[in-house]
Amino acid sequence: MMRRFGFLFLFTVISVACKSNGDGCEAGYVRQYGAEGTEWCIEAYVEDDLKEYNSGESYFHKDHGLITFADGIWTNKYNEIINP
């Protein structure tokens, strides 16, 4: 009985650990830090021609940081037009 419980516990721990990318966010998301110690998870930008991005949504880009898609144009946090 204890052995079964041990295996179940180990399986649960591994399953939970695999769902996170190490910073407390789900896979495909990146933790961001804001003013006054605020924290949130934001979806990582993935270069994929088949993915449709919604206007007004923000993503994290590994080179440009926080980027926003609006009306077919990508801008960075300084409101500069970029081409990710």
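Reader: Hi! Which residue in S2 stands opposite Tyr29?

Author: Hello! That would be Glu43. One thing to keep in mind as we go: this is a predicted model.

Reader: Thanks, good to know. How many bridges join S1 and S2, and in which sense do they pair?

Author: There are five bridges, and the pairing of S1 and S2 is antiparallel. The two strands form a hairpin, with five residues between them.

Reader: Where does Glu36 lie?

Author: Glu36 is in the loop that links strand S1 (29-33) to strand S2 (39-43). Its phi is positive, about 60°, even though Glu36 is not a glycine.

Reader: What sign does phi have in most residues, then?

Author: For most residues other than glycine, phi is negative.

Reader: Is Glu36 buried or exposed?

Author: Exposed: the relative accessible area of Glu36 is 83%, and anything over 50% counts as exposed.

Reader: Let's move along the chain. What is the phi of Asp71?

Author: Asp71 has a phi of about 55°, so a positive value in a residue that is not a glycine. You'll find Asp71 in the loop between strand S4 (65-70) and strand S5 (73-75). Asp71 is exposed, at 73% relative accessibility.

Reader: New topic: where is His61 found?

Author: His61 belongs to strand S3, which covers residues 58-61.

Reader: And is His61 buried or exposed?

Author: His61 is buried, because its relative accessibility is 7% and the cut-off for buried is under 20%.

Reader: Which residues does His61 touch?

Author: Leaving out residues up to four places away in sequence, His61 touches Tyr45, Ile67 and Pro84.

Reader: What about polar atoms of the His61 side chain? Which backbone nitrogens lie by them, and at what distance?

Author: The backbone nitrogen of Asp63 lies 3.0 Å from a polar atom of that side chain. For the backbone nitrogen of His64, the distance to a polar atom of the His61 side chain is 3.2 Å.

Reader: Which residues make up the covered face of S3?

Author: Tyr59 and His61 are on the covered face, while Ser58 and Phe60 are on the uncovered one. That fits a general pattern: side chains in a regular strand alternate between the two faces of the sheet.

Reader: Last one: what is the bridge partner of Phe60 in S4?

Author: Phe60 has Leu66 as its bridge partner in S4. S3 and S4 pair in the antiparallel sense, over four bridges, and they form a hairpin with three residues between them.

How values were computed:
Residues are numbered from 1 along each chain as its sequence is written. This is a predicted model: local features need pLDDT of at least 70, side-chain atom pairs count only at pLDDT 80 or more; totals for chains, interfaces and linings use all residues. Side-chain values use heavy atoms; hydrogens and water are left out. Buried means under 20% relative accessible area, exposed over 50%, partly exposed in between (1.4 Å probe, protein chains only). Two strands pair if DSSP finds at least two bridges between them. A polar contact is a pair of N or O atoms within 3.5 Å; within protein, one must be able to donate a hydrogen and the other to accept it, and residues adjacent in sequence count only if both atoms are side-chain atoms. Contact means heavy atoms within 4.5 Å.
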